[in-house]
Every structure is written in structure tokens, then in C-alpha cells.
Amino acid sequence: MPGALPLGDPAPADGLLPASTAVGAAERDFGVYLHVPFCRVRCGYCDFNTYTATELRGVAQSDYAGHAVREVGFAREALERSGVPARKVSTVFFGGGTPTLLPPDDLGAMLGAVRDAWGIADGAEVTTEANPDSVDADDLRRLADAGFTRVSFGMQSAVPSVLATLERTHDPERVPLVVRWAREAGLQVSLDLIYGTPGETLDNWSRSLDAALACEPDHVSAYALIVEPGTKLARQIRSGAVQEPDDDLEADMYELADARLGAAGYGWYEVSNWATDDAHRSRHNLAYWLGHDWWGVGPGAHSHVGGVRWWNVKHPAAYAQRVLAGESPAAGRETLDGETRRVERVLLLTRIREGLRTDELTGEGRRAVAGLIADGLVDAKAALAGSVVLTLRGRLLADAVVRRLLAEDERTA
């Protein structure tokens, strides 16, 4: 089942934001995330806010695009009334769930609402996620005609037994076909992979990497499987029905991915992401890591503008009730204080290729960098130039690097 929403302060029904959110807004990018919370089946490892047809209870999937369009209009008015200067949208991302369970015309209508509300910047990145079995050639052509520029396919694995454990329903042989169709439609292509599935071997993972590279995508994401509490997979592991992921094997899989992708011309730019060049990085995700602004549309979607973060009610029925009443669908929000924002910058910027400027650390935090270099976790040349950039070993232990930097800072707090 979907995970719980975070705790926070009440969110006002009118959606107004504090005056502080307007400060510096003109210098920050503005993106829009549109959550489509529908899946044909729920995968056993997933705790995303998604619903199958039997879980919708009183709301129709066919009405969803109209509800999302209403929130886009509400967002435009709320930002305007809050004094946040209007900016053209630099990135749009449709995630889920499986956005392409909706007809292309519905996704196009949602994108059109974004365009009408704020305008879309020249050269903007417009992405939708898709399962390989949820689109055909005509769908992809229609999405490109509607203004989409990029599609991210949930490949996960090329090995049927691994897909079965994950409860993914697509045929791995379909992936090259949908990639070709996307190319023919003029869309950039990203492939998402998961490693560390119970029972998956290093040879299995090598086979998936080979299959992904054979498709020649512009971008590859490779994520270690996380066993989320409350999921079917967590229950299976607890009962002993399947084995727990092996940390050492996952490290070997990550190293293999980095080596194989690097040899094929893909450069890492974030711990779990590689691209053929800078132009094919996920600019929408980079905006998250860099702390820019975005409005999240849809049930359970999260937003961030100028240091204020909020999240919507989770169930599509509750969401529909709010937006149809002209109220904010936000369930709660928080205003990030200076220390929280600094900690988040350390956490996020250390994950990207450009790294974290050492002058953003306190004196004690900066002194921790020398030990991280000695341990082979931080690149010495980059550190001399003033940035904390992870080595390959550092990427494997990124959370530990952050803990050491922040632990040193906390001693001076």
C-alpha cells in the first residue's frame, strides 16, 4: 500500500503562500510535476501513491484529467495572489503510477493547461513515464504532437524471472520495440532499471545492462531495490518466502553498471543516473536536487516554492472533492528553516557530478573533507578546486559521506 504522508502544519484552503516565497523566485527555475495515480496492477515492491481500478472507490479514472486541469488553474491563481512572479515552465514531468494508462488526449489536455497557465519555455523538457506495455506507436506520435519531448520507460530488467519477482507484467522483448517507436516519433528516451531484486544474480544484471545498452537510450537510471515497509515484498521477506537483498551484491551490481555504462559513453551526473551528454540529463530531476521551484499536481503530489513544501491528499476521491470545490488539495505543509535547507543542500548536492561547494560547510565540516579524501570517498582534485565530489566508492557510500559531513557540523551547533 502507499506510504503515509509526512507530518506538517495545516495547509490553507486558499493555497496562499508566505511572502518569503516570492524572494528570489525570478532566479529559480519553475517546473510542474503531474502525478497520474493509476496502475493496472500493484507491484509487490511499490509503495508509491497509486491505485488499481478496484481501489478507486467513487471516482472515475476517465475524470482525472479534468481534475488535474482544475488544480493547474488553482495553482496559477494561488501563486499570483501570493505575489510569486510568473515564470515560464522549464520542465514538466508526468509520473505515477502509469501516466500512459490515460489516453494521449488526456495527457495532452493536462499539458495544455500548464501551457495556458504559465507558458512553456523554449526548449523545455516535457517527460512522461510509461510502461513498455502501456503505449504503441500511435500513442507515442500523439504525445510528441501534443508537446512531449521525452519518455522514460520502466524497463526494470530484461530477465523474465526478475520481472516476475517484481510483479512487472510487460514482456522484456517489447522494450526495443517501444524505444524504436519513441525514436521515430522524435522523442528522447530514458530507461529505468532496478537492481538487487531477490534472487537476481550478477549475470542477470549484466544481461539487463546489455539489453538496455542495445537500445541506445539517451539516458539510463539504475536504482537499488529498496524494501519499503508495508509492501507485499516486505511481508514476503519477513516470512522467509523470498530472500532479503544482499548489500555486497548490490554494490557489485552498481560497480558493473557504472563500468558498463561508462564504457558505452554514458557519464554519471547523479548517483543513480547516467546520460550520453549534458543535454540528455533529466533537467526536471536536477531542479529537485538543486532546490528550484515546482508545483506538484495530483493526489499525494509534493510541491516546493521558495522554501515552503507541501503535499496533497492521497486518495483520488478526496483529491477530486477538494479541487471541484475550488479548494487547495494540500493536506499539510512545512516552512523550511535555514538549517533544514542547508542540511538538504548537503544531502542533495553531494549526489550530483558538480558536487557541493566546500564553502557551504562549516569549518568543522570542511575539515571532515580531508578524512573523506583519505578514505577514497571524495575526489581530491575536485576538493582542491573547492567542491566535494564523490568518487565511485563515495557514490556507493553516499549516505555515510553525508552523515560524516553533517556530524562534524553538528558538533559546532
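Helices (H or I, at least four residues) and strands (E, at least two) are DSSP runs, numbered from the N terminus. Before you start: this is a predicted model, in which local features need pLDDT of at least 70 and side-chain atom pairs count only at pLDDT 80 or more, while totals for chains, interfaces and linings use all residues. Residues are numbered from 1 along each chain as its sequence is written, and side-chain values use heavy atoms, with hydrogens and water left out.

**Exercise 1: the whole chain**

Take stock of the protein chain: how many helices and strands does it have, and how does its radius of gyration sit against the globule rule?

- Step 1. Count the elements: you get 15 helices and 14 strands.
- Step 2. Take the radius of gyration over C-alpha atoms, and for the globule rule use 2.2 Å times the number of residues to the power 0.38. The chain comes out at 21 Å, close to the 22 Å that the rule gives for 413 residues, so it is as compact as a globular protein of that length.
- Step 3. Lay the C-alpha trace along its principal axes, and it spans about 60 × 50 × 45 Å.
- Step 4. Sort residues by relative accessible area: buried is under 20%, exposed is over 50% and partly exposed is in between (1.4 Å probe, protein chains only). Buried residues make up 54% of the 413.
- Step 5. Now look at contacts, meaning heavy atoms within 4.5 Å. Of those with a separation of 6 or more, 73% are between residues 24 or more positions apart.

**Exercise 2: a helix pair**

Work out how H9 and H11 pack: what is the angle, and how far apart are the axes?

- Step 1. Fit lines to C-alpha atoms over the stretch in contact; angles run from 0 to 180 degrees between N-to-C directions.
- Step 2. For H9 (residues 283–290) and H11 (residues 338–349), the angle is about 140 degrees and the axes are 8 Å apart.
- Step 3. Classify the angle: under 35 degrees is roughly parallel, over 145 roughly antiparallel, 65 to 115 roughly perpendicular, and the rest oblique. H9 and H11 are therefore oblique to each other.
- Step 4. List who touches whom: Tyr 288, Trp 289 and Leu 290 on the H9 side meet Arg 345, Leu 348 and Leu 349 on the H11 side. That contact divides into five nonpolar residues, no polar ones and one charged (Ala, Val, Leu, Ile, Met, Phe, Trp, Tyr, Cys and Pro count as nonpolar, Asp, Glu, Lys and Arg as charged, and the others, Gly among them, as polar).

**Exercise 3: backbone oddities**

Check the loops, keeping in mind that most residues other than glycine have a negative phi, and most peptide bonds are trans. Which residues does the cis peptide bond join, and where does Arg 57 lie?

- Step 1. The cis bond joins Gly 96 and Gly 97, with omega about 15 degrees. Gly 97 is in the loop between strand E2 (89–96) and helix H2 (104–118).
- Step 2. Arg 57 has a positive phi of about 50 degrees, though it isn't a glycine. Arg 57 sits in the loop between strand E1 (30–36) and helix H1 (64–81), and is exposed at 62% relative accessible area.
- Step 3. Glu 167 also has a positive phi, near 65 degrees. Its loop runs between helix H4 (160–166) and helix H5 (175–184), and at 26% relative accessibility Glu 167 is partly exposed.

**Exercise 4: His 315**

Is His 315 buried or exposed, and what is it in contact with?

- Step 1. Place His 315 in the loop between strand E11 (308–312) and helix H10 (316–324).
- Step 2. With a relative accessible area of 14%, His 315 is buried.
- Step 3. Leave aside neighbours within four places in sequence, and His 315 is in contact with Tyr 51, Glu 55, Leu 56, Arg 57 and Pro 299.
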